Amino acid sequence: MPNEKEIVAVLRSVHIKQLIIQGFDATGEGIKVPRKQGTLLLNELKLEQCPQLTDQGLMTILKGLSKLKVLTLEEANISGQKFSELNLNCAPQLVELNLQKCLNLTDAGLVELVRKIGAKLKVIKLNEVNITGELFAQPTLNFIPKLEVLELTECKKLTDFGFFSIFAKLGHELKTLKASHTPINGECFAGNFSFQSKLENLELLHCLKLSDLGLLAMLSKLNNNLKVLRISGSKITGKRLAEFKPKKPPVLEILDLSSCSKVCDGGLKVFLEKFGAKLNNLQLKKTGITGESFEDLCVDCPQLKELDLSGSKVTDEGLVNMLNKIGN
């Protein structure tokens with residue numbers, strides 16, 4: 001395991017562009033490299049399992065790496081309490097930030113970090129952190145104009161209001177949003193507001209509190225460009241989507257309802273009537289689908305290429321009905 005002096009020596013190399021260190025057991029406060037050194041060429045730094053890394057250490061590292069584009073800090077001890085001291089230009093080229101399992105990261109700290117280094121960020125990964133997201137509702141926080149990917153998987157303290165607030169501030173150019181294994185229900189999206197979403201991929205796997213109303217509200221706001229919807233392991237039925245009134249024809253291509261045990265024939269028929277036109281991949285593993293009531297399905301799925309019914313309740317008669325309707 002290298003110490004801080006050895007890391008500084010490596011960073012000074014004019015040839016190093018990527019540095020990955022596993023088991024970084026230092027505060028980072030001693031990693032100081034003059035800006036005129038070769039560190040300016042380093043564009044990716046990954047510190048895995050760094051439980052001693054402090055806020056001050058992170059700030060020291062960022063001050064010396066002005067051309068850094070990708071920063072990964074897994075299991076770091078940072079809270080963000082000192083991020084207000086960060087220079088606005090300390091990481092002007094940063095496009096990807098990964099703070100997975102930074103359990104001490106606070107909402108205030110994250111807001112400050114985004115405020116100071118978020119200008120060019122395209123990817124933010126906050127999986128398994130303890131934020132609620134609610135501080136993103138403050139009106140003085142500007143959105144990140146270029147963010148395309150946001151991951152919040154297994155953020156167990158994320159609230160529905162916090163999730164909505166984060167999306168409202170960071171989601172203007174967002175194409176991929178992952179918030180699986182979180183306690184959100186989606187109902188905060190039911191407010192009377194307009195939002196020009198560019199979202200293409202939405203993953204809410206095993207969100208046990210996701211409600212039919214919440215799903216309806218989210219899809220009503222995010223439908224325009226959505227191509228992939230994965231909500232496997234949720235308790236939704238799909239029936240509330242009968243109220244869905246899209247402003248333009250849906251372009252959904254992949255629908256994953258695996259392990260949605262409450263999705264039965266009625267709910268699936270609503271999904272297909274609303275989203276079947278462009279659908280090419282339909283995952284129905286371990287659902288309550290029988291297929292027996294598909295004879296009166298009003299639409300087909302002309303582009304469907306993959307259908308997975310393994311572990312579902314589909315019957316022989318139901319399978320024939322489904323294939324006749326959507327298997328062409």
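Modeller: A residue is called buried when its relative accessible area is under 20%, exposed when over 50%, and partly exposed in between. The model discussed here is predicted.

Colleague: Why is lysine 46 called partly exposed?

Modeller: Its relative accessible area is 22%. That value falls between 20% and 50%, so lysine 46 is classed as partly exposed.

Colleague: What makes glutamate 48 buried?

Modeller: Glutamate 48 has a relative accessibility of 11%. This is under 20%, and glutamate 48 therefore counts as buried.

Colleague: What makes the contact between lysine 46 and glutamate 48 a salt bridge?

Modeller: The rule asks for a side-chain nitrogen of Lys or Arg within 4 Å of a carboxyl oxygen of Asp or Glu. The N to O distance for lysine 46 and glutamate 48 is 3.1 Å, so the pair qualifies.

Colleague: Why do lysine 125 and glutamate 96 count as a salt bridge, and which parts of the chain does this pair tie together?

Modeller: Their side chains are 3.8 Å apart, N to O, which is within 4 Å, so the criterion is met. Lysine 125 belongs to strand E5 (residues 123–125) and glutamate 96 to strand E4 (residues 96–98), so the bridge ties together parts that are 29 residues apart in sequence. Lysine 125 itself is partly exposed, because its relative accessibility of 23% lies between 20% and 50%.

Colleague: How do you know that glutamate 243 and arginine 240 form a salt bridge, and why are both called partly exposed?

Modeller: The N to O distance between these side chains is 2.5 Å, within the 4 Å limit. Glutamate 243 has 45% relative accessibility and arginine 240 has 33%. Each value lies between 20% and 50%, so the class is partly exposed in both cases. Elsewhere, salt bridges with shared partners join Glu203, Arg230 and Asp256 into one network. By this rule, the count is eight salt bridges.

Colleague: How do you know that E1 pairs with strand E2?

Modeller: Two strands pair if at least two bridges are found between them. E1 and strand E2 (residues 44–48) share five bridges and run parallel, so they pair. Isoleucine 21 has leucine 47 in E2 as its bridge partner, and glutamine 18 stands opposite glutamate 44.

Colleague: What makes strand E1 and strand E12 edge strands?

Modeller: The sheet is open, with 12 strands in parallel pairing that follow one another from E1 through to E12. Strand E1 (18–22) and strand E12 (306–308) each pair on one side only. Direction ignored, neighbouring strands of this sheet are turned by 0° against each other on average.

Colleague: Which residues of E1 lie on its covered face, and which on its uncovered face?

Modeller: Leu19 and Ile21 form the covered face, whereas Gln18, Ile20 and Gln22 form the uncovered one. In a regular strand, side chains alternate between the two faces of the sheet.

Colleague: What is known of the largest pocket, and which classes does its lining contain?

Modeller: The largest pocket holds about 270 Å³ of space. Its lining consists of 16 residues, with Phe195, Ser220, Lys221, Asn224 and Lys247 nearest the centre. Six of the lining residues are nonpolar, seven polar and three charged. Lys221 and Lys247 count as charged because Lys belongs to that class, whereas Phe195 counts as nonpolar.

Colleague: How many residues does the protein have, and what share counts as buried?

Modeller: The protein has 328 residues, of which 51% count as buried.

Definitions and conventions. Residues numbered from 1 in each chain as written. Predicted model: local features only at pLDDT ≥ 70, side-chain atom pairs only at ≥ 80, totals over all residues. Heavy atoms only, no water. 1 Å grid on protein atoms, 1.4 Å probe; cavity = no way out; pocket = protein on both sides within 12 Å on 5 of 7 lines; lining within 4 Å. Points joined across faces, edges and corners; volume = space filled by probe spheres on them. Buried < 20%, exposed > 50% of the residue type's maximum accessible area, 1.4 Å probe, protein only. Helix = DSSP H or I, 4+ residues; strand = E, 2+ residues; numbered from the N terminus. Axes fitted to C-alpha atoms, helices over the stretch in contact; angles between N-to-C directions.
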